[in-house]
Amino acid sequence: MTFLEIALNCIQRGWFVFPCKPKSKEPQLYGAFHNASKDESQIRDWWSKFPNANVAIALRKSGLAVLDCDHGNVTEADFRTWAAAHTLPETYTVRTGRRVNSKTGESEFGTQMYYAADD
């Protein structure tokens, strides 16, 4: 899946997105989340200029909160057991790019869980 496809998938969910520099959380454009958009033509324009840009979601503007689970799970089964033990409701969840703990060298199963949230 391309970054453009990911961005389009996000706006189909009603989320506001903006491009970040590759392999970074640094916004590609001035104004970042203030100028985040869910307009398809704007998204296509941004990703035609920056095809390798990471997709960032303007969480507050999109009515979201994200639980970012970077450490502690090694497999998907570990993650599911952890989530069940904490009685976390099922939600849209993605696997993050985190695959190895940089300090220990151990495998990790990083995830982000997306929840609807008020301000």
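Hi everyone, let me start with the sheet: three strands make an open sheet, ordered β3-β5-β4, and their pairing is antiparallel. On the outside we have β3, residues 64-69, and β4, residues 92-95, and each of these edge strands pairs on one side only. Do keep in mind that what you see above is a predicted model.

How are neighbouring strands turned against each other? On average by 20°, with direction ignored. If you zoom in on β3 and β5, where β5 covers residues 111-116, you'll find six bridges between them, in the antiparallel sense. One spot to look for there is L67, which stands opposite M113 in β5.

Now, which helix packs on this sheet? That's α4, residues 76-85. Helix α4 touches β3, β4 and β5, and its direction makes about 40° with the direction of β5.

Let's step back to the whole chain. We have four helices and five strands in the protein chain. If you walk along the sequence, the pattern goes α-β-α-β-α-β-α-β-β. For a feel of the dimensions, the C-alpha trace spans about 40 × 35 × 25 Å along its principal axes. Of the 119 residues in the chain, 29% are buried.

Next, the inside. The largest nonpolar core holds 20 residues, and the ones with the most contacts within this core are W15, V17, F18, I43, W47 and I57. Where do the core residues come from? At least two each are supplied by α1 (3-12), β1 (17-20), α2 (40-49) and β2 (54-57). The top contributor is α1, with four residues.

I'd like to pause on I57 for a moment. Setting aside neighbours within four places in sequence, I57 is in contact with C10, W15, F16, V17, F18, S62, L64 and Y114. There is also a second, separate core, made of six residues, and C69, F79, A83 and M113 are among them. You've met M113 already, as the residue opposite L67.

Two more numbers before I hand over. Taking the contacts in the chain with a separation of 6 or more, 63% are between residues 24 or more positions apart. And looking at the outside, the protein chain exposes about 7,800 Å², with carbon and sulfur atoms supplying 52% of that area.

That's my tour, thanks for listening!

Technical notes. Residues numbered from 1 in each chain as written. Predicted model: local features only at pLDDT ≥ 70, side-chain atom pairs only at ≥ 80, totals over all residues. Heavy atoms only, no water. Core = buried A, V, L, I, M, F, W, Y, C linked by side-chain atoms within 4.5 Å. Buried < 20%, exposed > 50% of the residue type's maximum accessible area, 1.4 Å probe, protein only. Contact = heavy atoms within 4.5 Å. Pairing = 2+ DSSP bridges. Axes fitted to C-alpha atoms, helices over the stretch in contact; angles between N-to-C directions. Areas by Shrake-Rupley, 256 points an atom, 1.4 Å probe, with all protein chains shown as cover.
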